[in-house]
Each structure stands twice: as structure tokens, then as C-alpha cells.
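Work through the exercises below with the coordinates open. Each task is followed by a stepwise solution.

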Amino acid sequence: MATEMTAEEVVATMHIGKMADRSQMSLRTIRHYDEVGLLTPSGRTEGGFRLYTERDFSRLMVIRRMKPLGFTLDEMAELLRVVDRLGESESGAEAGVGAGAGEETAAAGGAGEARAALDGFIEQATARRAKLEEQISMADEFIELLKAQ
């Protein structure tokens with residue numbers, strides 16, 4: 001879902017090639033993430049070329065960091081939704097949005113659920129990292145065994 005870009009964001013946009021270079025990911029992968037809804041460009045040129053902002057780049061880097069830990073596309077999408085909900089609840093609180101007592105309670109509940117979901121992702125990422133660390137240790141042992149031959 002593309003949101004309205006600020007004037008600064010319009011000036012600071014980048015095309016997909018620059019996103020690919022900066023992220024060290026292929027154009028094909030970035031296009032795929034757009035097709036599956038993980039990374040929607042913030043805008044498009046009159047010719048239809050994708051335009052990305054720094055916010056989009058940060059989102060792509062979250063996706064890139066999840067990939068080696070074995071998160072699925074669905075899990076990536078869920079985490080991004082959680083992060084978006086947390087960002088919305090923080091920006092609403094910072095803006096001092098006038099809400100009634102019931103609305104404040106509902107917003108706090110939604111933020112609490114999002115925070116709990118984020119904590120779950122943190123636990124998963126920590127466990128997956130530990131497994132990777134164990135695999136690296138085994139690989140190191142294997143290399144040392146080969147060197148000893």
C-alpha cells in the first residue's frame with residue numbers, strides 16, 4: 001500500500017537499480033517482493049518505473065536479514081505488518097491524537113498484541129541464529145578435520 005510521499009522523499013527516491021546495488025540483491029528478487037506484496041514501491045515515474053524511498057530500503061533490509069534465518073515469505077509479511085502496527089501506534093501517540101477512553105484502550109490493546117507478536121519473532125530469530133551458530137561450529141570442525149588429513 002503506497003502512502004503519500006513527502007517532498008523530501010520525492011527528491012530522495014531511487015530506482016530499482018540503486019535499491020539492488022545498495023541492498024546487494026537482484027532486480028528480480030526485488031520485483032518478486034513487490035509482486036508478493038512484501039515491498040511495494042512508494043511511487044512510480046510517469047513511465048511506470050518503481051520509485052523507492054529510504055523507508056522502503058529499510059523495509060527491504062529487514063526482509064534481507066530474515067532470509068538467512070529461514071523465515072518464509074508469509075512470516076516476513078507478518079513481521080512487517082507487526083512493525084507497521086507498532087509504528088502506527090507510536091506515531092499516533094506522539095501526535096497526541098485525541099481519542100476517547102475506549103479508543104485509547106483499543107489502541108493500547110492492539111499495540112500490546114503487536115508487541116507480543118514482535119517478541120515472538122525475536123524468540124524465533126534468536127533460536128534460528130543459535131542453530132546457524134551450531135552449524136557454523138560443525139563446519140569449522142569439518143574444515144579442521146580436512147586440514148588434518
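Arg50 is buried, with a relative accessible area of 17%; buried means under 20% relative accessible area, exposed over 50%, and partly exposed in between (1.4 Å probe, protein chains only). The model is predicted: local features need pLDDT of at least 70, side-chain atom pairs count only at pLDDT 80 or more, and totals for chains, interfaces and linings use all residues. Residues are numbered from 1 along each chain as its sequence is written, and side-chain values use heavy atoms, with hydrogens and water left out.

**Exercise 1.** Find the salt-bridge partner of Arg50 and place both residues in the fold.

*Solution.*
- Step 1. Apply the rule: a side-chain nitrogen of Lys or Arg within 4 Å of a carboxyl oxygen of Asp or Glu.
- Step 2. Arg50 pairs with Asp34 at 2.8 Å, N to O.
- Step 3. Asp34 sits in helix H3 and Arg50 in strand E2 (residues 50-51), 16 residues apart, so distant parts of the chain are linked. Helices (H or I, at least four residues) and strands (E, at least two) are DSSP runs, numbered from the N terminus.
- Step 4. Asp34 is buried too, at 13% relative accessible area.

**Exercise 2.** Which residue in strand E1 also bridges to Asp34?

*Solution.*
- Step 1. Arg44 meets Asp34 in a salt bridge of 3.4 Å, N to O.
- Step 2. Arg44 lies in E1 (residues 43-44) and Asp34 in H3 (residues 27-35), so the bridge ties parts ten residues apart in sequence.
- Step 3. Arg44 is partly exposed, at 45% relative accessible area.

**Exercise 3.** Characterise the salt bridge between Arg59 and Asp84.

*Solution.*
- Step 1. Their closest N and O atoms are 3.0 Å apart.
- Step 2. Arg59 is in helix H4 and Asp84 in helix H5 (residues 73-94), so parts 25 residues apart in sequence are tied together.
- Step 3. Arg59 is partly exposed at 24%. Asp84 is partly exposed at 34%.
- Step 4. Shared partners join Asp34, Arg44 and Arg50 into one network. The count of salt bridges comes to eight.

**Exercise 4.** Describe how H2 packs on H4.

*Solution.*
- Step 1. H2 (residues 16-23) and H4 (residues 54-66) pack at about 45°, with axes 11 Å apart.
- Step 2. That angle makes H2 oblique to H4; under 35 degrees counts as roughly parallel, over 145 as roughly antiparallel, 65 to 115 as roughly perpendicular, and the rest as oblique.
- Step 3. Met19, Arg22 and Ser23 in H2 meet H4 residues including Phe57, Leu60 and Arg64, where contact means heavy atoms within 4.5 Å.

How values were computed: Axes fitted to C-alpha atoms, helices over the stretch in contact; angles between N-to-C directions.
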